[in-house]
Amino acid sequence: MTKVYDFTVLDNEGNEVSLEKYTGKVLLIVNTATRCGFTKQYDGLEDLYKTYKDQGFEILDFPCNQFGNQAPESDEEIDSFCALNFGTSFDRFKKIDVNGENEDPLYTYLKDEKHGLGSKAIKWNFTKFLIDREGNVVARFGSNKKPENMKKDIEKLL
């Protein structure tokens with residue numbers, strides 16, 4: 001049976017990272033964009049990360065430019081933008097596609113595990129997947145779900 005830990009992704013410098021390094025942690029995997037109406041959610045994500053990281057919680061940030069060209073910057077520029085404007089300190093990875101023929105295999109798996117409302121496709125930036133300590137996808141939240149409204153869901157898994 002496939003788990004999140006079975007995937008390898010590229011970090012924002014292009015280095016391979018096995019998600020096995022997150023074994024035993026509660027994960028929130030998010031597709032993000034720097035020029036989106038939901039970009040302010042970076043503040044809430046960072047607050048979640050600071051609150052729960054010492055209890056075994058990690059956020060994996062996957063920038064994506066598939067929705068309205070809202071993440072046109074390079075990986076380096078995205079990293080700088082997030083650090084300067086939101087002080088993010090959680091792990092950010094290389095920009096990816098989350099839908100279509102070039103979608104990252106991790107997102108194919110996530111979408112197969114938890115469908116959206118009537119569709120597997122990611123509908124917009126800041127779709128969030130919550131993963132338990134065993135690597136199972138336990139929840140999918142749309143863009144409108146604010147990070148601060150996810151605390152109870154995270155705490156159940158910690």
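## Gln-70 and its surroundings

Gln-70 sits in the loop that joins β4 to α2. In this predicted model, Gln-70 has a relative accessibility of 16% and therefore counts as buried, the limit being under 20%. Setting aside neighbours within four places in sequence, Gln-70 is in contact with Ala-33, Thr-34, Arg-35, Cys-36, Asn-65, Trp-124 and Asn-125.

With Asn-125, the contact is polar and runs from side chain to side chain, at 2.8 Å. Thr-39 is 31 residues away from Gln-70 in sequence, and the two C-alpha atoms are 9.6 Å apart in space.

## Other residues of the β4-α2 loop

Gln-66 belongs to the loop between β4 and α2. Gln-66 is partly exposed, with a relative accessibility of 31%. Beyond residues up to four places away in sequence, Gln-66 touches Asp-97, Val-98 and Asn-99. Its side chain reaches two backbone atoms in this stretch: the nitrogen of Val-98 at 2.6 Å and the oxygen of Asn-99 at 2.9 Å. Between Gln-66 and Asp-97 there are 6.5 Å from C-alpha to C-alpha, with a sequence distance of 31 residues.

Asn-69 is found in the loop between β4 (57-63) and α2 (75-86). Asn-69 is not a glycine, yet its phi is positive, at about 55°. Most residues other than glycine have a negative phi.

## Asp-75 in helix α2

The loop leads to helix α2 (75-86), and Asp-75 lies in this helix. Is Asp-75 buried or exposed? Asp-75 counts as buried, at 13% relative accessibility. Apart from neighbours within four places in sequence, Asp-75 is in contact with Asn-12, Phe-93, Lys-94 and Lys-95.

## Asn-31 in strand β3

Asn-31 is part of strand β3 and is buried, with a relative accessibility of 0%. Residues up to four places away in sequence are left out of its list of contacts, which holds Phe-62, Cys-64, Phe-67, Val-98, Tyr-107, Ile-122, Trp-124, Asn-125, Phe-126 and Thr-127.

Which backbone atom does the side chain of Asn-31 reach? The side chain of Asn-31 comes to 3.1 Å from the backbone nitrogen of Thr-127. Trp-124 and Asn-125, among the residues that Asn-31 touches, are also in contact with Gln-70.

## Phe-126 and helix α3

Phe-126, one of the residues touched by Asn-31, is located in the loop between α3 (105-113) and β6 (128-131). The relative accessible area of Phe-126 is 0%, and the residue is buried. Phe-126 has a positive phi near 65°, although the residue is not a glycine.

Helix α3 has Leu-106, Tyr-107, Tyr-109, Leu-110 and Lys-111 as buried residues. Tyr-107 is also among the residues that Asn-31 touches. The cover over the buried residues of α3 includes β1 (8-10), β3 (26-32), β4, β6 and β7 (137-141). At the N-terminal end of α3, Asp-104 acts as a cap: one of its side-chain oxygens lies 2.9 Å from the backbone nitrogen of Leu-106.

## The chain as a whole

The protein chain has four helices and seven strands. In sequence order these elements follow the pattern β-β-β-α-β-α-β-α-β-β-α. The radius of gyration is 14 Å, close to the 15 Å from the globule rule for 158 residues, so the chain is as compact as a globular protein of that length. The C-alpha trace spans about 35 × 35 × 35 Å along its principal axes.

Of the 158 residues in the protein chain, 49% are buried. Among contacts with a separation of 6 or more, 67% join residues 24 or more positions apart.

## Surface and charge

The exposed area of the protein chain is about 7700 Å², and carbon and sulfur atoms supply 44% of it. How many side chains carry each charge? The chain has 22 positive and 28 negative side chains. The centres of these two sets are 7 Å apart.

Notes:
Residues numbered from 1 in each chain as written. Predicted model: local features only at pLDDT ≥ 70, side-chain atom pairs only at ≥ 80, totals over all residues. Heavy atoms only, no water. Helix = DSSP H or I, 4+ residues; strand = E, 2+ residues; numbered from the N terminus. Rg over C-alpha atoms; globule rule 2.2 N^0.38 Å. Buried < 20%, exposed > 50% of the residue type's maximum accessible area, 1.4 Å probe, protein only. Contact = heavy atoms within 4.5 Å. Areas by Shrake-Rupley, 256 points an atom, 1.4 Å probe, with all protein chains shown as cover. Lys, Arg positive; Asp, Glu negative; His and termini not counted. Charge placed at Lys NZ, Arg CZ, Asp CG, Glu CD. Polar contact = N/O pair within 3.5 Å; in protein donor to acceptor, adjacent residues only side chain to side chain.
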